[in-house]
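I opened this notebook to keep track of what I looked up, one entry at a time. I begin with the pocket and then turn to the strands, the cores and two single residues.

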Amino acid sequence: MSVVEELLTANEAKMKKVTAHLKEDLASLRAGRATPALLNKVTVDYYGTPTPVNQVANVTVPEPRMIVITPWDKSMIKDLSRAIMASDLGLTPNSDGTCIRLNMPMLTEERRKELVKTARKHTEEARVSVRNMRRDIIDGIKKAEKAKTITEDDAKDGQDKAQKLTDKLMKDIDSIIEAKEKEIMSV
């Protein structure tokens, strides 16, 4: 395997992780419909350890605008309620002693626009990461060319492949944000 192929392979995996991370970040944004992914970033103190909600409770979506959290240990209900209130979800937990219900109110136009801005911010961070990885590939290729370990043609070819990979991932990122914006703005 040549130096160019090694650089491309190693950075392609990293670039794909960036898009996967972007999908996770955008899934945790509230878009009108209830989804268990909303609680991914909410942690609760469980025996002195910050633990994600889905590791101490069963999270279900019985209706499009409701999330039901059933803790495995009933004594966790108050801690779960506090953690949800402290999060930036803007949801008020309703507890009946055995489970917590989160009702998802309709989003206002202003809140939808704020969510779109947040989604775009996450997207731009992903784009910058991908561009930085492209720069790292090209720098590695130039160093290899300078050290005479690859030919000028191989360097040019490697740079073209790096650009094509970057373009493909940028299209993926664009389609991800487009779908999320559409989801957020739909009433």
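Entry 1, the pocket. I am working with a predicted model, and I looked first at its largest pocket, which is lined by 14 residues, with Ser28, Leu29, Lys41, Asp88 and Leu89 lying nearest its centre. I noted a volume of about 270 Å³ for this pocket. When I sorted the lining by class, I found five nonpolar, four polar and five charged residues. I also asked which element gives the largest share of the lining, and the answer is helix α3, residues 109-146, with four residues.

Entry 2, the hairpin. I then followed strand β1, residues 43-46, and strand β2, residues 49-52, which run antiparallel and are joined by four bridges. As one example of the pairing, I wrote down Thr43, whose bridge partner in β2 is Pro52. The two strands form a hairpin with two residues between them, and in the turn I found Tyr47 with a positive phi of about 55°.

Entry 3, the cores. I turned next to the largest nonpolar core, which has 29 residues, and I noted that Met15, Leu26, Val130, Ile137 and Ile141 touch the most other members. The elements that give two or more residues to this core are α1 (3-27), α3 and α4 (152-185), and the largest share, 10 residues, comes from α3. I also recorded a second, separate core of 21 residues, which includes Ala34, Ala57, Leu89 and Leu91. Leu89 was already in my first entry, as one of the residues nearest the centre of the largest pocket.

Entry 4, Val130 and Thr166. Leaving aside neighbours within four places in sequence, I listed the contacts of Val130 as Met15, Val18, Thr166, Leu169, Met170 and Ile173. I wanted to know more about Thr166, whose place is in helix α4. Is Thr166 buried or exposed? Its relative accessible area is 1%, so I entered Thr166 as buried, the cut-off being under 20%. With the neighbours within four places again left aside, Thr166 is in contact with Met15, Val130 and Arg134.

Entry 5, Leu107. Last, I looked for Leu107 and found its place in the loop between β6 (100-103) and α3. Leu107 has a relative accessible area of 9%, and therefore I entered this loop residue as buried too. I also checked Leu107 against Glu63, 44 residues apart along the chain, and their C-alpha atoms are separated by 17 Å.

Definitions and conventions:
Residues numbered from 1 in each chain as written. Predicted model: local features only at pLDDT ≥ 70, side-chain atom pairs only at ≥ 80, totals over all residues. Heavy atoms only, no water. 1 Å grid on protein atoms, 1.4 Å probe; cavity = no way out; pocket = protein on both sides within 12 Å on 5 of 7 lines; lining within 4 Å. Points joined across faces, edges and corners; volume = space filled by probe spheres on them. Nonpolar A, V, L, I, M, F, W, Y, C, P; charged D, E, K, R; others polar. Pairing = 2+ DSSP bridges. Core = buried A, V, L, I, M, F, W, Y, C linked by side-chain atoms within 4.5 Å. Buried < 20%, exposed > 50% of the residue type's maximum accessible area, 1.4 Å probe, protein only. Contact = heavy atoms within 4.5 Å.
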